[in-house]
Amino acid sequence: MRASPLGPTLGLQSLRPVISSEMDSPSKIIDVWSEEEWTLEQLWTALPCNLIDQIRALRPLFNATVADTVLRIGFWRTSNKILSPSSPLFGKFGRPPRLVKSRAPLDDQIAINTDGSVNQHGTGFGGILRNANGSWIKGFYGHLHNSDILCAELHAVWKGLELCWRLNFRNVLCLSDFLLAVELIRKGVDRFHHYAAIICEVRALLDRGWNVEVVHTLREGNQAADFLAKKGTLELSSFILLHDPPVELRDTLLADSLGTSFVRA
């Protein structure tokens with residue numbers, strides 16, 4: 001815990017372990033802060049006494065608009081920097097930060113989030129299929145040899161849409177955080193483009209008898225796919241299908257299903 005000009009702020013990571021995935025309902029900051037006081041008894045999740053004492057010593061420094069839009073207890077991912085209006089996270093001239101959350105599909109759609117990754121281990125791609133409630137359906141990841149990030153991003157969309165077709169989903173929202181890949185798929189390329197073969201495969205998939213929307217999303221709303229893409233860089237297999245989510249994704253999937261917002265970096 002460190003002091004600020006208007007009072008102490010809490011290292012928010014210490015809140016996360018006390019929130020379980022079985023909680024009944026999320027609570028926004030404004031739900032438990034009113035008239036200059038904390039009303040922590042309204043939380044759906046019981047907090048340890050020592051943590052309650054620390055929270056009661058805090059004074060939120062953001063405005064009511066941010067408090068009402070953001071942060072659900074237990075998913076404060078940006079550390080205590082967001083509590084200070086002087087922080088870069090608060091935006092220029094003290095404006096609230098831009099908030100991003102995972103885009104949910106319509107009731108009759110499924111969403112597939114895709115991503116690619118290049119690091120010191122190699123190149124990988126990955127994706128996750130979710131229903132309208134934000135719940136996990138399937139996931140996948142794989143490794144690519146001697147490829148760049150554009151290839152990985154295109155590959156993720158390609159393999160993800162192939163999987164959707166095989167699983168008989170016919171109304172699909174496909175989300176990628178790589179704008180160039182989205183534009184190349186939408187507009188097409190000439191036959192001399194370096195990745196013309198992959199792009200043609202994707203566009204051939206789109207021409208089948210189904211409804212697919214390929215759109216750009218921001219990376220803050222694509223964290224589950226990013227995790228799987230990074231996992232792909234560590235693998236030798238070109239494609240691995242996941243029937244159940246990795247344990248490490250539990251918090252991220254829960255945050256997405258709750259519609260949790262994250263600060264745009």
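In this predicted model, Ala-111 stands opposite Leu-173 in strand E9. That pair belongs to a longer run of contacts: 5 bridges join strand E6 (residues 110-119) to E9 (residues 171-176), and the two strands run parallel.

E6 has another partner too. Strand E7 (residues 122-130) is joined to E6 by 9 bridges, this time with the strands running antiparallel. Here, Val-118 sits opposite Thr-123 in E7. Just 2 residues lie between E6 and E7, and together these strands make a hairpin. As for its surroundings, E6 has 8 of its 10 residues buried, so the strand is largely enclosed by the rest of the structure.

Now for the helices. Two packed helices are described by the angle between their axes and the distance between the axes. For helix H4 (residues 149-166) and helix H6 (residues 196-206), the angle is about 30° and the axes are 10 Å apart. Angles under 35 degrees count as roughly parallel, and H4 and H6 are therefore roughly parallel to each other. Their crossing is left-handed.

Which residues in H4 meet H6? On the H4 side, they are Cys-151, Leu-154, His-155, Val-157, Trp-158, Leu-161 and Glu-162. Across from them, H6 brings in Ile-198, Ile-199, Glu-201, Val-202, Leu-205 and Leu-206. Sorted by class, the contact of H4 with H6 has 10 nonpolar residues, 1 polar residue and 2 charged ones.

How values were computed: Residues numbered from 1 in each chain as written. Predicted model: local features only at pLDDT ≥ 70, side-chain atom pairs only at ≥ 80, totals over all residues. Heavy atoms only, no water. Axes fitted to C-alpha atoms, helices over the stretch in contact; angles between N-to-C directions. Helix = DSSP H or I, 4+ residues; strand = E, 2+ residues; numbered from the N terminus. Parallel < 35°, antiparallel > 145°, perpendicular 65-115°, else oblique. Left-handed = near helix turned anticlockwise from the far one by under 90°. Contact = heavy atoms within 4.5 Å. Nonpolar A, V, L, I, M, F, W, Y, C, P; charged D, E, K, R; others polar. Buried < 20%, exposed > 50% of the residue type's maximum accessible area, 1.4 Å probe, protein only. Pairing = 2+ DSSP bridges.
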